[in-house]
Amino acid sequence: MHAITIPEPGGPEALVWAEVPDPEPGPGEVVVDVRASAVNRADVLQRQGRYEPPPGAAPYPGLECSGVISAIGPEVTEWQVGQEVCALLSGGGYAERVAVPAGQLLPVPAGVDLADAAGLPEVACTVWSNVVQLARLGIGETLLVHGGGSGIGTFAIQLGRALGASVIATARSAKHAGLRELGANEVVDYGEEDFVARTKEATGGRGADVILDIMGGAYLARNVDALATGGRLVVIGLQGGRKGELNIATLMAKRATVAATTLRARPAAEKAAIVRGVREEVWPLLESGTIRPVVDRRLPLAEAAEAHRILESSDHLGKLLLIRA
């Protein structure tokens, strides 16, 4: 088979379409013939040599895919050859086929195109595990989403509204109309406006109950300032740096919580539990149309380098998909 490989770290040109060994399903695994994969920031970091795949994962980038099951390993009972699925991966989605632990498979939601489903597992599992499972976003609360125009952001806005929360998102001004259409109550131009002041203004001075942050160090102090009493800040990205200064007195006065998580390196059992929660609580929202996939554009799998260039420009809204010809 063929896959996008990374012979040497570098820019988008480091991605090379090459022949690689076919995957074989181990115990508890299936092989999926990939119809589409999606591009994530972690793929860019891996290409740059800054994010190695966890032990045992395929060495190719790609943290999610959709396709058709073509082979089943021992101990797999729930899935059958020929089923259309999408999957949360530890790597290997930029390929014609990939081996996946059965616990990380999801059925394609009714009414969702098979290719579009490739852009759902990573964002759905990331947002649900952090906003719902960890931060416990409740009805009537306020969710602040940084990077509202990203795949994570567009999904978080929709899930927050579906859960009965008010949503504030930060994004470039060109994306504001699209984010309001997805359900954002307020959108802040992070390059021109102070998101702390806007958040407090929108909440009558209270602040955000939950903040989903992709920036890390650069936003740490301001995020704590933007929290409401009892607020929960969850950091899931480091686009603004690895280190920041935290005013513990402010955190204590607000009785607030700061948490930081990753998804890729979690044990398979933890991922399977998250996938089960997403299937039970999020998939019905997709099937009812309450949440929809947001796809900026589709490119051929062999043109992954161009998809990386687009992602790094941050000019897209939602997901970039790589389609197998």
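Let's start with E193, which is partly exposed, with a relative accessible area of 31%. This is a predicted model, and E193 makes a handy way in. Its side chain meets that of R198 in a salt bridge, with N and O 2.5 Å apart. R198 also has another partner: a salt bridge joins its side chain to that of E186, at 3.1 Å from N to O. R198 sits in helix α5 (residues 195-202) and E186 in strand β10 (residues 186-188), so this pair ties together parts that are twelve residues apart in sequence. R198 is buried, at 19% relative accessible area, while E186 is partly exposed, at 30%.

**Salt bridges**

What lets such side chains pair up? Side chains of opposite charge can pair when their charged atoms come close. For the model as a whole, the count comes to 14 salt bridges. Three that involve single pairs are set out here, with the distance between their N and O atoms.

| Salt bridge | N to O distance |
|---|---|
| E193 and R198 | 2.5 Å |
| E64 and K319 | 2.6 Å |
| R198 and E186 | 3.1 Å |

Some of these contacts join up further. D113, D116 and R298 are linked in a network of salt bridges.

**K319 and its surroundings**

The pair of E64 and K319 deserves its own look. Its closest N and O atoms are 2.6 Å apart. The pair links distant parts of the chain: E64 belongs to strand β4 (residues 64-72) and K319 to strand β15, 255 residues apart. Are these two residues buried or exposed? Both E64 and K319 are buried, and for K319 the relative accessible area is 5%.

K319 is found in strand β15, which covers residues 319-323. Which residues does K319 touch, apart from neighbours within four places in sequence? Its contacts include A38, V39, N40, E64, G119 and V123. Also among them are G151, V294, V295, D296 and R297. Another residue to look at here is I152: its C-alpha atom is separated from that of K319 by 8.6 Å, although the two are 167 residues apart along the chain.

**Helix α3**

I152 brings us to helix α3, where I152 is one of the buried residues. Helix α3 is mostly covered, with ten of its twelve residues buried. The buried ones are G151, I152, G153, T154, F155, A156, I157, Q158, L159 and G160. G151 is also one of the contacts of K319.

How far apart are the end C-alpha atoms of α3? They are 17 Å apart, and at 1.5 Å a residue the twelve residues of this helix (residues 151-162) should span 16 Å, which agrees. After α3 comes G164, whose phi is positive, near 90°.

**Two more positive phi values**

Positive phi also turns up in residues other than glycine. R255 is one of them, with phi near 50°. R255 lies in the loop between α7 and β13 (257-260), and at 62% relative accessibility R255 counts as exposed.

S314 is not a glycine either, yet its phi is positive, at about 60°. S314 lies in the loop between α10 (304-313) and β15, the strand where K319 is found. Is S314 buried or exposed? S314 is buried, with a relative accessible area of 18%.

**A nonpolar patch on the surface**

Which residues form a nonpolar patch on the surface? They are L246, I248, M252 and V258, with about 360 Å² of accessible area together. L246 lies in the loop between β12 (227-235) and α7 (248-254). L246 itself is partly exposed, with a relative accessible area of 33%.

**Cysteines without a bond**

How many disulfides does the structure hold? The number is zero. For C65, the closest cysteine sulfur is in C86, at 8.2 Å, and that is too far for a bond, because a disulfide needs two cysteine sulfur atoms within 2.5 Å. C86 also holds the closest cysteine sulfur to that of C125, here at 8.9 Å, again too far for a bond.

Where burial is concerned, C65 is buried, with a relative accessible area of 0%. C125 is buried too, with a relative accessible area of 0%.

Key: Residues are numbered from 1 along each chain as its sequence is written. This is a predicted model: local features need pLDDT of at least 70, side-chain atom pairs count only at pLDDT 80 or more; totals for chains, interfaces and linings use all residues. Side-chain values use heavy atoms; hydrogens and water are left out. Buried means under 20% relative accessible area, exposed over 50%, partly exposed in between (1.4 Å probe, protein chains only). Patches are made of residues with over 30% relative accessible area and no salt bridge: like charges are joined within 9 Å, nonpolar side chains (Val, Leu, Ile, Met, Phe, Trp, Tyr) within 5 Å. Accessible areas come from the Shrake-Rupley method with a 1.4 Å probe; for residues, only the protein chains shown count as cover. A salt bridge is a side-chain nitrogen of Lys or Arg within 4 Å of a carboxyl oxygen of Asp or Glu. Helices (H or I, at least four residues) and strands (E, at least two) are DSSP runs, numbered from the N terminus. The expected span of a helix is 1.5 Å times one less than its number of residues. Contact means heavy atoms within 4.5 Å.
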